[in-house]
Amino acid sequence: MNNTVKKIIKIFCIALFCASLAVNGFLIYTLAKNSQAYQSHQVDKKVLDFRNMFTEKVLLSNNAIDFDTRLSMETAVRALNDSEIFSQWQAFTNSQTQADATAQAKKLLELLIQKTSN
């Protein structure tokens with residue numbers, strides 16, 4: 001009977017170990033999935049914050065954009081690490097005429113809306 005009890009204990013320990021591995025694998029998968037979702041949410045929040053800043057400081061402003069505002073917006077757009085938004089921002093800031101600046105601002109706003117409405 002002593003051997004039978006030892007076998008039962010070994011089988012129980014092996015089953016417990018396998019169950020522990022399965023649960024740990026599931027928890028690691030869930031953690032990775034949640035981490036990706038959180039990072040995606042952070043990126044979306046940064047884009048939304050930049051969109052709000054662009055709308056408030058550029059589109060709704062009646063004044064010329066001062067150096068500090070331009071610098072803060074340039075820093076914010078670079079922090080997004082989104083080449084598509086950055087290139088559209090560059091097209092907007094490099095505009096030579098009022099009409100071109102308006103067209104580029106519309107394109108930038110459209111892109112920002114598209115990126116934040118997923």
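The radius of gyration of the protein chain comes out at 27 Å, whereas a compact globule of 118 residues would sit near 13 Å. The model behind these values is a predicted one. Spread along its principal axes, the C-alpha trace covers about 95 × 25 × 20 Å. Buried residues account for 19% of the 118 residues in the protein chain.

As for secondary structure, the protein chain has four helices and zero strands, so the order of elements from the N terminus is simply α-α-α-α. Helix α1 has 58 residues, and its first and last C-alpha atoms lie 83 Å apart, close to the 86 Å expected at 1.5 Å a residue. Turning to contacts, take those in the protein chain between residues at least 6 apart in sequence: 52% of them link residues at least 24 apart.

The buried residues of α1 are V47, F50, F54 and V58. In an α-helix, residues three or four places apart point the same way, because there are 3.6 residues a turn. The cover over these buried α1 residues includes α2, α3 and α4.

That brings us to the largest nonpolar core, a set of 15 residues in which F50, F54, I85, W89, F92 and L112 touch the most other members. Each of α1 (2–59), α2 (67–79), α3 (83–93) and α4 (98–116) puts in at least two residues, with α4 giving the most, at five. F50 shows how the pieces meet: leaving aside residues up to four places away in sequence, F50 touches M73, A76, V77, L80, W89 and L112. Of these partners, W89 and L112 are also among the core residues that touch the most other members.

T55 is likewise placed in helix α1, but T55 is partly exposed, with a relative accessible area of 24%; the cut-off for buried is under 20%, so T55 misses that class. The T55 side chain reaches back to the backbone oxygen of R51 at 2.8 Å. Setting aside residues up to four places away in sequence, T55 touches L60 and L109. There is also a long-range pairing to note here: T55 and A105 are 50 residues apart in sequence, yet their C-alpha atoms are 9.6 Å apart in space.

The cysteines are quickly dealt with. A disulfide is a covalent bond between the sulfur atoms of two cysteines, and the structure holds zero of them. C13 is in no disulfide, the nearest cysteine sulfur being that of C18, 11 Å away. Seen from the other side, the sulfur of C18 has its closest cysteine sulfur in C13, and at 11 Å this is too far for a bond. In terms of accessibility, C13 is partly exposed at 44% relative accessible area, and C18 counts as partly exposed too, at 45%.

One backbone oddity rounds things off. Most residues other than glycine have a negative phi. N81 goes against that habit: N81 is not a glycine, but has a positive phi of about 55°. The residue sits in the loop between α2 and α3, where N81 is exposed, with a relative accessible area of 70%.

Definitions and conventions. Residues are numbered from 1 along each chain as its sequence is written. This is a predicted model: local features need pLDDT of at least 70, side-chain atom pairs count only at pLDDT 80 or more; totals for chains, interfaces and linings use all residues. Side-chain values use heavy atoms; hydrogens and water are left out. A nonpolar core is a set of buried Ala, Val, Leu, Ile, Met, Phe, Trp, Tyr and Cys residues joined through side-chain atoms within 4.5 Å. Buried means under 20% relative accessible area, exposed over 50%, partly exposed in between (1.4 Å probe, protein chains only). Contact means heavy atoms within 4.5 Å. The expected span of a helix is 1.5 Å times one less than its number of residues. A disulfide is a pair of cysteine sulfur atoms within 2.5 Å. A polar contact is a pair of N or O atoms within 3.5 Å; within protein, one must be able to donate a hydrogen and the other to accept it, and residues adjacent in sequence count only if both atoms are side-chain atoms. The radius of gyration is taken over C-alpha atoms; the globule rule is 2.2 Å times the number of residues to the power 0.38.
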